[in-house]
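Me: I should like to examine how certain descriptive terms are justified for the following structure. Please set each value against its definition.
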Amino acid sequence: MPRAALRPPLARRRCVAASSSRSREPARGVPSTVPNPSEETDYLRAMPVPFAVVKTIPDEEGRTVDLVFAYVNDAAIALAGCAREVLVGSSVFDACPDVARCMLGVLDDTARTGAAQYFTCRSVSGDRYFSVRSYRPREGFCACVLQDVTEQALLDRRLREERRLLERQAMRDPLTGLYHVRQGRRLVEGALAEPRWEGACSALFMFDVDDFKKVNDEHGHHRGDDVLRGFAQLLEQSFRRTDIVFRAGGDEFSAFVADIPCACVAERICSDVIAGVERLSADGVPVSVSIGAAVGRPGWSYESYYRVADQALYRIKRTGKSAYRVAVMDGPAASAPASALSGAPERRSLRRSARKGSPRTQPAA
């Protein structure tokens, strides 16, 4: 076959070349989809949310020491309250004193690594909150899109405060501010379940305000409430923050010490509480308190501590008041029968004279 037969006609070749050249040229009358830089700036300038580009300023060692405004749109100018000529080229922290200095490291990280970030920040004055999205338009620069979220942040903070208040009301006694009995027992059982070092002891104290009904009858319920609040404050001062102090109900209170060296420390705590009640009585309504305490090693349950401490308190109430008894639960808890709790040895009992306040030993029942 002749070689000329393999070629398309000349007119056809010209048509194909013309069509391919027209496909590479934009159609007349249709605007380009890629705007020039000035058009991009105009688009950002009219954006309804604040937008700013900052440039990092390094020192001689290459560490960023400042941020300078390179571009701000109209919304950012309105937020800053300054003219564009004042902002552009000025330090961010000088032109906007409400910007926290810690923003330097955050925005510098974006300008150096290119990592886009999204976070919420608070103004230095503390009255405004902003969500910030940052990205790197080019090396050494950081672009930020800001949104005022003050209203939502204040709402979230109010909801958190209300939630904490509800949680406190659910766990605390409204009169004294101490834990109520259910929360107190829950905390004590949790403390008893934690592992303890071998030889450690724990102690449960039970306090009963003597003749509290007489206080209400003679001085009124409002003075009785003052007595209970004052005694609760005394217990909080007598125990550590890590100890568990709660109101068991009425004029009865309890406290649990998870790690106590020996029973003698429990005796000293009881003596200090009785002395503190005497000081309170000297300044107001005369009252006294009786205390029963149980000291045991790891393994005993809450019911065991409660039973022994309650028996010690009952003996004090039966033989006298303004005194204490400390009962020691010896032996392993797993092998001790329930009847052994009633025979727990009592370390000591102290009673203060109603006239002179001098301590004297009360014989064990």
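Me: What makes up the accessible surface of the protein chain?
Reply: In this predicted model, the accessible surface comes to about 22000 Å², and carbon and sulfur atoms contribute 53% of that area. Of the 365 residues, 38% count as buried, a term that requires under 20% relative accessible area.

Me: Why is the pair of F207 and F231 called edge-to-face?
Reply: Two rings pair if their centres lie within 6.5 Å, and planes over 60 degrees apart count as edge-to-face. The centres of F207 and F231 are 6.0 Å apart and the planes meet at 70°, so both conditions are met and the pair is edge-to-face.

Me: What makes this pair a link between distant parts of the chain?
Reply: F207 belongs to strand β6 (residues 201–209) and F231 to helix α10 (residues 221–238), with 24 residues separating them. Both residues are buried, and ring pairs join them with F205, F239 and F253 in a cluster.

Me: How do you know that the span of helix α8 agrees with its number of residues?
Reply: The expected span is 1.5 Å times one less than the number of residues. For the 13 residues of α8 (residues 181–193) this gives 18 Å, and the end C-alpha atoms are 18 Å apart, so the two agree.

Me: Which residues of α8 are buried, and how do you know on which side they lie?
Reply: The buried residues are Q183, G184, V188 and A191. They cover an arc of only 135° around the axis, and therefore lie on the same side of α8. The face turned away from that side carries the exposed residues R182 and A193.

Methods. Residues numbered from 1 in each chain as written. Predicted model: local features only at pLDDT ≥ 70, side-chain atom pairs only at ≥ 80, totals over all residues. Heavy atoms only, no water. Helix = DSSP H or I, 4+ residues; strand = E, 2+ residues; numbered from the N terminus. Buried < 20%, exposed > 50% of the residue type's maximum accessible area, 1.4 Å probe, protein only. Arc of directions from axis to C-beta. Areas by Shrake-Rupley, 256 points an atom, 1.4 Å probe, with all protein chains shown as cover. Phe/Tyr/Trp six-rings, centres within 6.5 Å; stacked < 30°, edge-to-face > 60°.
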